[in-house]
Amino acid sequence: MAILANSHTEWGTLREVVVGTAKYAQIPQHKGHDIHCVDYADSDSTDSLPGGSYPSDIIAQTIIDLDRFAVQLTQAGIKVHRPGAFDTSKTITTPDWTTDQYYFYCPRDSVLIVGNTIIETPMALRSRYFETHAIRNILDGYSQAGSPHISAPKPRLLDDLYDRTDLSVPTLNNHEPCFDAANVIRCGRDIFYLVSNSGNHRGAQWLQTVLGSDYKVHVMDDIYAYVHVDTSILPLAPGKVLLNPDRVTEQNLPDYFKSWDKIWAPEPVITPCLDNWAPGSPWIGMNILSLSPTLVAVESRQKPLINILEKSGFDVMEVDLTHCRTLSGGPHCVTLDTVRSDEYGDYS
C-alpha cells in the first residue's frame, strides 16, 4: 500500500529509501560550459577530459556494491526502491542546447523531500535534465497517496548562467533558480542551503518562496564553492553534527549549529579513483547516511571515522562502495530517503 513521503530531517528513523544504480553510468561527451563549471572547475578547459561510459569493470563492481547495500538496508527493515532503466547514451535536446546524459548513481541530487512534499530540483547540469524519469513510478506512488509532487521551473541553462571568470568561487550566476537537492540539509523547520557551483542564490530564494513561512531557508555562502553540502556539514542526530575541518571553522559554521556537539571528521582514508573522471574529493569518505539517530552507514574503508562515530555513541553499518570517488558518491549521495519516522519541529 502506498504511503505519504515523509522526511523532515537527515536523521529520523529510515523507513523507505531509493538506492541508485551504476547501469549506463557515463561522463557526457558534450563538454559545454555547464560541465566545465560544475564538475571540472579546477580545469582550465575541457579539451582533454574523458567522456563516454565508465570502464566496464567499475560499473560491474559498483552494481555489486549497490545491490549489497540494498540488501543490508532491507535486512535492517527498510523498504528499498531501485530506479528503472535509464539509457544515458540517448541524446536530449531543448531549443537552446543538445547533450547526452549522465547517470542515476546519485538519486540524492535530483529530488528533495521536505516533510510530505516531493520537489524535483532545477539541476545545474544539462546532462541531468530528465534524470528523475528513472524514478517517476516510485514518486508517483507517494503522489497517489497524497504527497504534493512539484517541480521547480525547468531552467534554460544557457551559457551565460555559468561564469568562468574565476573558477575558485561559485560559478553560477543568478539569471534563474538553479540548485541540486544535495545542496540542502534539513533540520525540521530549518533548511540549510549551500551556495556553490551547483546552487545559486536564486535557487534559495525560490525554495523559501515555495516552502513559505513554516520554514526558514538559511543560506550558506562561504563554506565550500565546489558542489554539494554533504561532505562539509551533515547533521546526524538532534544536537550532533559531523563537520569537515578543512572547510568548516567556528567562524563560518552557521550559528544554529554552534551549540551542538561537533564531531570533527578525521582525515579521510585516501581511496583510489580514475584520474580526470570528475572524481569526488577524498572527503567523500565523510559522506554518510543516517538510518536513525543512533545508526549510520559509512563506507567501510573509513576506519578512523568509524572509530570516532562509535566513540560518539553511534552504531555503524559498514558499506562497500569501491569506486565512490570515481563516481562521486558515498552512502548519502547514492540514496534518497523518501520516508522517515520523524517530525517537523525546531531542533535548535
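This report describes the nonpolar cores of a predicted model and a sheet of three strands with the helix that lies across it.

**The cores**

The largest nonpolar core holds 44 residues, and among these Y54, F69, L73, Y103 and Y105 touch the most other members. Several helices and strands each supply at least two residues of this core, and they are listed in the table with their residue ranges.

| Element | Residues |
|---|---|
| β1 | 13–19 |
| α1 | 33–38 |
| α2 | 56–75 |
| β16 | 289–292 |
| β18 | 315–319 |
| α6 | 324–327 |

The largest share of the core, 5 residues, is contributed by α2. When residues up to four places away in sequence are not counted, F69 touches L289, A297, M317, V319, P331, V334 and T335. Apart from this core lies another one, made up of 33 residues that include V241, L253, W260 and F314.

**The sheet and its helix**

The strands β16, β17 and β18 form, in that order, an open sheet with mixed pairing. Because β16 and β18 stand at the edges and have a single partner strand each, one side of each is left without a neighbour in the sheet. From one strand to the next, the twist averages 30°. Within the sheet, β17, which covers residues 295–299, pairs with β18 in the parallel sense over 5 bridges, and V296 stands opposite V316 in β18.

Helix α2 lies across β16, β17 and β18, and runs at about 150° to β18. The helix that gives the core its largest share of residues is thus also the one placed across this sheet.

Conventions: Residues are numbered from 1 along each chain as its sequence is written. This is a predicted model: local features need pLDDT of at least 70, side-chain atom pairs count only at pLDDT 80 or more; totals for chains, interfaces and linings use all residues. Side-chain values use heavy atoms; hydrogens and water are left out. A nonpolar core is a set of buried Ala, Val, Leu, Ile, Met, Phe, Trp, Tyr and Cys residues joined through side-chain atoms within 4.5 Å. Buried means under 20% relative accessible area, exposed over 50%, partly exposed in between (1.4 Å probe, protein chains only). Helices (H or I, at least four residues) and strands (E, at least two) are DSSP runs, numbered from the N terminus. Contact means heavy atoms within 4.5 Å. Two strands pair if DSSP finds at least two bridges between them. Axes are lines fitted to C-alpha atoms, for helices over the stretch in contact, and angles run from 0 to 180 degrees between N-to-C directions.
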